[in-house]
Amino acid sequence: KNINAAFVLDCSGSINASEFTTMMNAVKAAGQALFNGNDGDVKVTIVAFSGTATSYTPVNTLAAFDALVNNIAANRPFSGNTDFTAGIQETMNAYTPIAGSSNQVFFISDGNPNEQTGTGGNSLSDTTATNWNNFVDNNAINVTTIGVGDGINTARLQDVDLDGSGA
């Protein structure tokens, strides 16, 4: 089966250097499992966020994936505030679901957003929460949120994990 995955990585200051290394090692292992454990095509997009977000050109080989992850690990892109809204907005811009593929988004954070939050403390601004819900539902995307570090806030991760499976 073809796999189209996105890793959305919290690179904010609340993720310390050790936790960042652990996260990047886990992402690398997960990506390697996707490439090595599948006989179909694999495409991976990586989005990094903190107070803002950036995305990297999608890769479709294990060698390109490993090089990208190594580069991000060696050149941490951010270390500021935590803005889930920025990360999700960039994911919707950079990640293109593919019909017929297993579309997967892995959102990795400590679950403590402190910028652009929504009503009732939701992790996402109200507009982005609605747009994300529609994006996930309309494209049959499986979202998995993964906690990293100390003080993981599962409720805030659940705001992003909208497919009903739980954080």
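Q: How are helices and strands defined in this structure?

A: Helices are DSSP runs of H or I with at least four residues, strands are runs of E with at least two, and both are numbered from the N terminus. The model is a predicted one. With those elements named, a residue outside them can be placed by its flanks: Q116 lies in the loop between β4 and α4.

Q: What is the phi of Q116?

A: Phi of Q116 is near 50 degrees, which is positive in a residue that is not glycine. Q116 counts as partly exposed because its relative accessibility is 42%, and partly exposed covers the range between the 20% and 50% cut-offs.

Q: Which other non-glycine residue has a positive phi, and where does it lie?

A: A140 also has a positive phi, of about 50 degrees, and is not a glycine. A140 sits in the loop between α4 and β5 (142-147). With a relative accessible area of 62%, A140 is exposed.

Q: Is S125, in the loop between β4 and α4, buried or exposed?

A: The general idea is to read the relative accessible area against a cut-off: under 20% is buried. S125 has 16% relative accessibility, so it counts as buried. Setting aside neighbours within four places in sequence, S125 is in contact with T85, Q116, T117 and G118.

Q: How should I read a buried residue in a strand, and where is T45 found?

A: Take its element, its accessible area and its contacts in turn. T45 is in strand β2 (residues 42-49), and its relative accessible area is 0%, so T45 is buried. Not counting residues up to four places away in sequence, T45 touches A5, A6, F7, Y56, P58, A94 and Y95. The C-alpha atoms of T45 and T57 are separated by 6.8 Å, although the two residues are 12 apart along the chain.

Q: Which residues does N103 touch?

A: N103 is in strand β4 and is buried, with a relative accessible area of 5%. Leaving out residues up to four places away in sequence, N103 touches N4, Y95, P97, I98, N139, A140, I141 and N142. The C-alpha atoms of N103 and A5 are 5.9 Å from each other, with their positions 98 residues apart along the chain.

Q: How many residues has the largest nonpolar core?

A: In soluble globular proteins, nonpolar side chains tend to be buried together. Here the largest nonpolar core has 26 residues, and those with the most contacts inside it are F7, L9, M23, V27, V44, I46 and F65. Two or more residues each come from β1 (3-10), α1 (17-36), β2, α2 (62-74) and β4 (102-109). Helix α1 gives the largest share, 6 residues. Another core lies apart from it and has 18 residues, among them A6, F84, I88 and V136.

Q: Which residues is V27 in contact with?

A: Apart from neighbours within four places in sequence, V27 is in contact with F7, L9, F65, V69 and I108.

Q: At what angle do the axes of α1 and α2 cross?

A: An angle over 145 degrees is read as roughly antiparallel. The axes of α1 and α2 come within 10 Å and cross at roughly 175 degrees, so α1 is roughly antiparallel to α2. From α1, the contact is made by F20, M24, V27, K28, G31, Q32, F35 and N36; from α2, by L62, F65, D66, V69, N70, I72 and A73.

Q: How many residues of helix α3 are buried?

A: Helix α3 (residues 84-94) is mostly covered, with 8 of its 11 residues buried. They are F84, T85, A86, G87, I88, E90, T91 and M92. These buried residues pack against β1, β2, β3 (53-55), β4, α4 (126-138) and α5 (154-158).

Q: Which residue caps the N-terminal end of α3?

A: D83 does: one of its side-chain oxygens lies 3.0 Å from the backbone nitrogen of T85.

Q: How many salt bridges are there?

A: A salt bridge calls for a side-chain nitrogen of Lys or Arg within 4 Å of a carboxyl oxygen of Asp or Glu. By this rule the count is 1. D159 forms a salt bridge with R156, and the closest N and O atoms are 2.8 Å apart. D159 counts as buried because its relative accessibility is 14%.

Conventions: Residues numbered from 1 in each chain as written. Predicted model: local features only at pLDDT ≥ 70, side-chain atom pairs only at ≥ 80, totals over all residues. Heavy atoms only, no water. Buried < 20%, exposed > 50% of the residue type's maximum accessible area, 1.4 Å probe, protein only. Contact = heavy atoms within 4.5 Å. Core = buried A, V, L, I, M, F, W, Y, C linked by side-chain atoms within 4.5 Å. Polar contact = N/O pair within 3.5 Å; in protein donor to acceptor, adjacent residues only side chain to side chain. Axes fitted to C-alpha atoms, helices over the stretch in contact; angles between N-to-C directions. Parallel < 35°, antiparallel > 145°, perpendicular 65-115°, else oblique.
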